[in-house]
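Subject: Structure handover and notes

Dear colleague,

I am passing on the structure we spoke of, together with my notes on it. Please open it alongside this message, since the notes are meant to be read with the coordinates on screen.

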Amino acid sequence: MTELTFRPAGLRADGALFADWWHTVDRWTIGAVALLFALGMVLALAASPPLAEKNDLWTYHYVLRHAVFAVLALGVVLGVSAVPAHLLRRGGAVAFLGFFAITLMLPAFGTDFGKGATRWYSLGFISLQPSEFLKPAFVLIAAWLMAGAAERNGPPGRLISGALAIAIATTLALQPDFGQAMLTLAVWAVMLFVSGAPLFLLIGLAGAVGLAGTAAYLNSSHFAGRINGYLAEEVDPNTQLAYAQSAIREGGLFGVGAAQGSVKWTLPDAHTDFIIAVAAEEFGLILTLLIIGIYLFIVVRALLRLLEERNMFIRLAGTGLAAAFALQAFINMSVAIRLLPAKGMTLPFISYGGSSMVAAALGVGALLALTRARPQDPGASLRDSI
Amino acid sequence: MTDIAATPQRRQASPKNRTGRATARPRDDWRLMLIVAVFMLCYGAVAVRMGAMAISEPEEPRLAGYGGAEPVRGEIVDRNGALIAANLPAWSLYAHPAELKDPLATAQELAGIFPDMSEAELVRLLTSRNDFVWVRRPITPRQKAAVQDLGRPGLFFGARDMRFYPAGQAAAHIVGGVRAQSEGVRHAELVGSGGIERYFDERLRDPARAGDALRLSIDLGAQQAMREVLSAEVSRLGAKGATGIIMNVRTGEIVTMVSLPDFDPNARPSAADGKGAANPRFNRAVQGVYELGSVFKVLTAAMALELGIVTPETMVETGSAVVIGRNAIRDMHRMPETLSVTDIVVRSSNTGTTRLALKIGAERMRGFLDRLGMFDPVPVEISEAARARPLKPPRWSEISTATISFGHGLSVSPLHLSAAFATLANGGQKVVPSLIRGGNQPGERIFSERTSREMMAILREVVSRGTGRRTNVEGYEVGGKTGTADKPRQDGRGYEKDKVIATFAAVFPTSAPAYVAVISLDEPVDRSGPRPIREASRTAVPATAEAIRRIAPLLGLRPKGGRVAAELKVAPVSVASN
């Protein structure tokens with residue numbers, strides 16, 4: 001019955017799936033995402049040849065891989081953006097169970113690539129970081145739970161989603177990957193806030209996180225080392241941070257020019273965690289401000305569109321996905337400018353890395369699907385269908 | 001049911017919603033707006049901080065913490081202490097383009113000092129918007145003096161160590177190279193990027209061992225001689241490349257290991273200078289895995305002797321082809337109806353060797369080859385070795401056993417072959433090759449002393465009356481075996497008609513084996529006669545003869561015939577260092 005009543009608003013005409021998608025999806029955001037991919041290609045050209053040289057590979061080995069992943073990821077963005085919301089919700093729940101299981105199995109089958117933290121599966125030609133995929137899936141299932149909680153006789157969704165968030169954060173912190181753990185908790189807190197949770201609950205949670213952070217600082221050398229490096233007055237000039245900082249200084253307003261930079265030769269993570277430093281050095285503040293602007297544009301635009309949304313699940317899931325995307329980019333850039341302590345986090349769609357790019361594509365694709373224009377009251381939908 | 005489609009219906013049912021648009025927004029909109037505001041603040045902070053950093057003054061790259069104390073990379077010397085890798089104090093030249101009074105004139109003058117830098121390139125560097133540019137690193141003391149004499153402002157010198165390889169091309173593939181990491185104005189840290197430099201990087205960088213040179217098993221004199229011999233043979237025979245190894249049969253110490261074409265480690269080519277074997281950095285001795293052909297018959301015969309299946313005198317049928325399934329294995333030349341095991345090796349009979357192999361059986365043959373290390377990378381101390389894995393058939397069929405018995409179907413490096421021959425020569429104990437002086441202790445016993453003795457006699461006969469006659473260097477009792485293997489085609493379908501890998505694996509002296517020598521030429525052709533000749537007997541064999549003639553004396557072996565050589569029971573190594 002409901003199907004009959006509301007389907008016409010979603011579908012303009014039979015067989016016009018594409019036209020329907022095109023008219024309801026947020027085309028501005030798609031444009032912004034495409035721009036990020038383009039900038040990512042330019043920066044891959046700048047940042048990855050030195051790495052290829054170090055590893056005795058063809059100069060454009062990583063550029064080519066980046067291009068392949070970028071095309072794949074753009075396809076994922078567009079494909080997922082056409083998925084109906086209720087399918088997203090089910091898919092998210094299934095994906096959550098799957099990726100949580102895979103993340104739990106990391107200690108047994110994962111690899112640390114010599115970096116001191118077991119976060120990856122090595123699949124031969126590509127490595128997979130399951131926690132990247134876990135984030136969007138968690139947002140979808142948590143939104144479902146919270147939305148369910150708002151119903152009469154609904155499940156205690158906030159409690160369950162909170163338990164899941166803590167379980168994920170604990171698993172990630174044990175890898176150790178404190179960056180992703182904090183990100184998961186923060187995203188959950190944002191969703192909880194938007195779902196209308198009482199303020200005292202949120203304040204209490206903030207206190208608990210503070211305590212947990214202190215405990216981690218006292219008990220984990222990996223974590224403590226990073227925080228100490230951040231708190232230190234003088235940056236040890238031998239660290240990645242110092243190189244990134246001097247690269248941003250060298251770049252100035254307009255940069256030193258394409259292919260003229262030097263930081264990419266000294267930074268081992270120039271193509272991933274510190275790609276913004278390469279951007280700053282070669283193309284200057286102009287480009288970094290543009291990148292910051294694009295991220296903010298995507299996030300704010302998505303949140304404002306969600307403001308019009310009355311369906312609780314869509315509103316919460318959309319907010320969570322937007323927050324995860326926004327926080328990841330924010331944390332990545334903040335590390336390079338020493339606003340936050342160092343964390344291994346990629347810049348979505350710009351950093352090199354197949355699994356992070358595809359995972360971000362899934363998240364943004366879902367966000368686009370959730371922010372598609374949708375009739376918000378029966379009257380409007382009736383008018384549209386006539 | 002919490003299906004999406006159901007939600008509007010529920011909303012419709014609530015009394016508020018009937019009023020239409022008035023309640024379109026839940027009352028908690030302020031929460032979402034607050035989130036928007038927080039993100040705007042966060043991103044604003046990033047933008048402001050980024051801007052503040054971008055317009056602040058850049059500093060010169062420096063390395064604090066090191067102060068003035070410069071860590072020095074350890075030296076590398078040959079077995080007699082001759083320098084292979086050393087450090088030279090040098091300088092790097094950098095500039096502050098903004099402080100240059102006349103960048104164009106400065107560029108012109110610098111181009112005169114550094115003839116290999118174009119003026120255009122220097123102009124580009126000196127007029128760049130950077131506040132700091134490296135002009136050239138490293139520079140020699142004379143160049144530094146010349147730049148100082150220019151008296152131009154804005155040019156500066158930074159101190160740094162330069163890695164220098166006095167032996168030049170002779171030991172290029174062995175030492176590998178270094179590259180600068182974390183360069184600062186006052187110092188650059190050098191890290192190994194190939195060969196010994198990379199394999200022993202941590203040890204060479206360890207400040208506690210900086211005064212303690214890394215002593216290799218290489219003898220630079222012998223290495224140089226091997227390189228000259230191979231270069232001459234490569235140009236005489238128009239070969240694409242060559243490799244020559246001489247190894248101590250007991251300790252596995254590699255005395256010479258040459259791969260041609262080579263390069264000057266002081267100007268090491270990059271990975272971009274060619275793929276695989278086309279790059280001069282490719283070390284054929286270690287990385288080049290080839291089907292080496294008939295030299296493998298020696299191993300097959302040794303296995304048959306060791307298992308007691310035959311004695312050197314046992315007669316084996318060689319007059320007919322061996323048919324395995326749809327394949328028939330034949331000899332290249334007409335053979336008598338039967339040959340003794342000795343003659344099978346001396347006359348290099350495929351059918352005889354195959355018949356031995358079929359008696360040995362696949363299981364036992366694989367066992368021997370595995371224990372000889374033929375299925376794994378050689379654990380020699382250069383970084384490239386670990387990635388050079390032999391190619392063996394994915395499925396070991398009866399035809400594999402047959403073809404591998406005479407050296408086809410299993411691709412190994414010349415270094416693998418050297419180690420196997422050394423194992424056979426030293427009385428049967430496994431040899432692990434080493435580039436470090438002292439080498440390794442002989443390992444597990446694979447062949448008996450008796451098998452070893454019998455095989456040495458057979459190898460001696462190959463040289464005294466068989467295909468190896470041209471290595472019969474007076475007085476050194478050379479024994480060995482030739483191998484002329486057709487190269488597999490690039491497209492993987494069968495073999496090339498007239499491209500071969502010609503190999504000679506030698507042991508000398510056979511009465512008291514001290515060294516093995518393996519020399520392999522890639523696509524050699526002797527065009528001195530009426531028709532082109534590619535067989536190892538006319539290519540790799542004369543090359544080995546020349547190498548032994550020149551190098552044996554350097555290793556302390558005296559050419560006085562079997563009697564004197566027999567007295568040299570102990571490693572002649574000690575003689576060499578006297």
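The notes below begin with chain B as a whole, go on to one of its sheets and one of its helices, and end with a pair of helices in chain A.

Please keep in mind throughout that this is a predicted model, and that the values below are computed from it.

Chain B overall

Chain B contains 20 helices and 18 strands, and of its 578 residues 54% are buried. Among the contacts in chain B with a separation of 6 or more, 69% are accounted for by residues 24 or more positions apart. The area that chain B exposes comes to about 25,100 Å², of which carbon and sulfur atoms supply 51%.

The five-stranded sheet

In chain B, an open sheet is formed by 5 strands in the order β9-β8-β18-β17-β16, with antiparallel pairing. Its edge strands are β9 and β16 (479-488) of chain B, each of which pairs on one side only, and the twist from one strand to the next averages 10 degrees. Helix α9 (residues 220-237) of chain B packs on this sheet, where it touches β8, β9 and β18 of chain B, and its direction makes about 30 degrees with that of β9(B).

Strand β8 (residues 241-248) of chain B deserves a closer look, as 8 of its 8 residues are buried. Both of its faces are covered, with B:G241, B:T243, B:I245 and B:M247 buried on one side and B:A242, B:G244, B:I246 and B:N248 buried on the other. β8(B) pairs with strand β18 (residues 515-522) of chain B in the antiparallel sense over 8 bridges, and within that pairing B:N248 stands opposite B:Y515. β8(B) also pairs with strand β9 (residues 254-260) of chain B, again in the antiparallel sense, over 6 bridges, and here B:I246 is found opposite B:T256. β8(B) and β9(B) together form a hairpin with 5 residues between them, and B:G252 in the turn has a positive phi of about 75 degrees.

Towards the β16 end of the sheet, β16(B) is joined by 9 bridges to strand β17 (residues 495-508) of chain B, the two running antiparallel; in this pairing B:G480 lies opposite B:A506.

Helix α15 of chain B

In helix α15 (residues 398-405) of chain B, the buried residues are B:S400, B:T401, B:A402, B:I404 and B:S405. These buried residues pack against three helices and two strands of chain B, namely α11 (296-306), α13 (350-360) and α14 (362-371) together with β12 (322-324) and β13 (327-329). After α15(B) comes B:G407, whose phi is positive and near 90 degrees.

A helix pair in chain A

In chain A, the axes of helix α6 (residues 85-104) and helix α8 (residues 130-149) come within 7 Å and cross at roughly 135 degrees, which means that α6(A) is oblique to α8(A). The crossing of α6(A) and α8(A) is left-handed. Residues of α6(A) that take part in the contact include A:L88, A:F96, A:F99 and A:F100, and they belong to a set that meets residues of α8(A), among them A:F133, A:L134, A:F138 and A:W144.

With best regards

Conventions:
Residues are numbered from 1 along each chain as its sequence is written. Chains are lettered from A and ligands numbered from 1 in the order in which they are written. This is a predicted model: local features need pLDDT of at least 70, side-chain atom pairs count only at pLDDT 80 or more; totals for chains, interfaces and linings use all residues. Side-chain values use heavy atoms; hydrogens and water are left out. Buried means under 20% relative accessible area, exposed over 50%, partly exposed in between (1.4 Å probe, protein chains only). Helices (H or I, at least four residues) and strands (E, at least two) are DSSP runs, numbered from the N terminus. Contact means heavy atoms within 4.5 Å. Two strands pair if DSSP finds at least two bridges between them. Axes are lines fitted to C-alpha atoms, for helices over the stretch in contact, and angles run from 0 to 180 degrees between N-to-C directions. Accessible areas come from the Shrake-Rupley method with a 1.4 Å probe; for residues, only the protein chains shown count as cover. Angles under 35 degrees count as roughly parallel, over 145 as roughly antiparallel, 65 to 115 as roughly perpendicular and the rest as oblique. A crossing is left-handed if the near helix is turned anticlockwise from the far one by less than a right angle, and right-handed if clockwise.
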